[in-house]
Amino acid sequence: MIAREIPSLRQLRAFEAVARLESVSAAARDIHLSQPGVSQAIRALENGLGVQLFDRRRSGCYVTEFGAILLPRTRRFLEHLRSALTEPGGSSPAGRQSIDATVNRITRPQLQSLIAVSENPSFDAAARSLKISQPTLHRSARELERELRRSLYRRTATGVTTTPYGSELARRVQVALGEIEYGLDELEAARGNVVSRIAIGNIPHSATQILSNAIKEFLSKYPTARVRIVDGHYEDLLNELRAGKLDLLYGVLRRPDWATDVKEELLFANHYVVVARHGHPLHRLKRVRNRDLADFGWIMPGPLTPRQQALHRMLQGVCAEPNISLETTSLQIYRTILTATDQLTLMSRFEARLNDTDALAQLPFRSPHLRRFDGIATRIGWQPTRIHLEFIALLRAEARAAAAGAPRGRASHSRTRNPRRRAAGARVKMRTGVRNAASHVP
């Protein structure tokens, strides 16, 4: 749900209209409110934010420095909302007028109710999440249905939830509301108080030392900012990114073709290596071949993960199917089984370097099928704040430094190293979950 209380939609519509038309009376006609109603909405918005948004003169109303900061975010919010409400083929002038009229009638409680129902299994659970009564939630939810003239909710065995259209609308509304959150952060930054919150989805078994170093540098520069790290299965993190709950994903690049609203940026190569216990029979070989690997069992995550797909490509033509004797996403189980048996696995190069020095070793094996690339994923059209851009710049710099110092592709018998770096944690909030997925393998 929404991380903080945002201004009412009436206040935001009034602010955008006055800024665009530079006149309270013209804005009142444009959004179909009374002139006193527009003036009251602007005053309430300014009082709530603690800043003056307009310079009021006889010739009109003109945005101040603070108004100029909030205005682009408000316009993006309204455009996101219009886009979410627009039916296919509804781009005609009449359609735009109808959408604008609908936007003028929608309220913040209606949108918050839609999001709450989409995130909970029943109306009762949704009402509890908003700390309101179920009748109040029901009234707001059904009012939105009547305004849109679309079915937004459906009954299931566990209660009432959103229809596919309602779920997609809720996702896009959350992205829209995120623009206002960014605008509020930017206002605070302009007042000298950086309280920006960066939400990062950490794809399991990424090169966390790079991320940790970037966070440490970022928090040393902005000690009042907050960073939230969310660990989870890739599919869950991708859904949260697309819903605007996360600002970016970090880790292996694996965007599915259907996620056309997401783009990826390569930061560094993090190829897979074959890892076994120190003293493994293959450890004695100067050069390990595909058929040598086919004789042993493997520990792997699920079949759709990049890691298992790389294994299948690597052993294609050598054996019908790799002997995957254990399928798990638990790193602790990986380590326990690997150190006690002759099982093999694939680890990313940075991941392998962080393992126990006396337990595991990389095997001297190379294959073009073991390529892996790490980076960040963001929503297409995402407009980051200055604070977001500074953090991403730090992350890029840490990735370049780590890649320059990382060992090259030639595997060796050397034991994996275990550099231990401490990330600043004073303001870092770690959430273990989505779906209890911390310490899981991609």
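Tyr153 touches a long list of residues beyond four places away in sequence, including Leu114, Val117, Phe123, Val160 and Thr163 (contact means heavy atoms within 4.5 Å). This is a predicted model, where local features need pLDDT of at least 70, side-chain atom pairs count only at pLDDT 80 or more, and totals for chains, interfaces and linings use all residues. Residues are numbered from 1 along each chain as its sequence is written, and side-chain values use heavy atoms, with hydrogens and water left out.

**Cores**
- Tyr153 is, with Val38 and Phe77, one of the residues with the most contacts inside the largest nonpolar core, which has 55 residues (a core is a set of buried Ala, Val, Leu, Ile, Met, Phe, Trp, Tyr and Cys residues joined through side-chain atoms within 4.5 Å; buried means under 20% relative accessible area with a 1.4 Å probe, protein chains only).
- Helix H9 (residues 164-190) chips in the largest share of this core, 8 residues (helices are DSSP runs of H or I, at least four residues, and strands are E runs of at least two, numbered from the N terminus).
- Apart from that core sits another of 28 residues, with Tyr182 and Tyr222 among them.

**Asp247**
- Asp247 sits in the loop between helix H11 (234-242) and strand E7 (248-252).
- Asp247 is buried but has no salt bridge, and the nearest oppositely charged side chain, Arg379, is 5.3 Å away (a salt bridge needs a Lys or Arg side-chain nitrogen within 4 Å of an Asp or Glu carboxyl oxygen).
- Tyr182 and Trp382 are among the residues that Asp247 touches.

**Helix H11**
- H11 is mostly covered, with 7 of its 9 residues buried, including Tyr234 and Leu241.
- Gly244 follows H11 and has a positive phi, near 80 degrees.

Technical notes:
Buried means under 20% relative accessible area, exposed over 50%, partly exposed in between (1.4 Å probe, protein chains only). Lys and Arg count as positive and Asp and Glu as negative; His and the chain ends are not counted.
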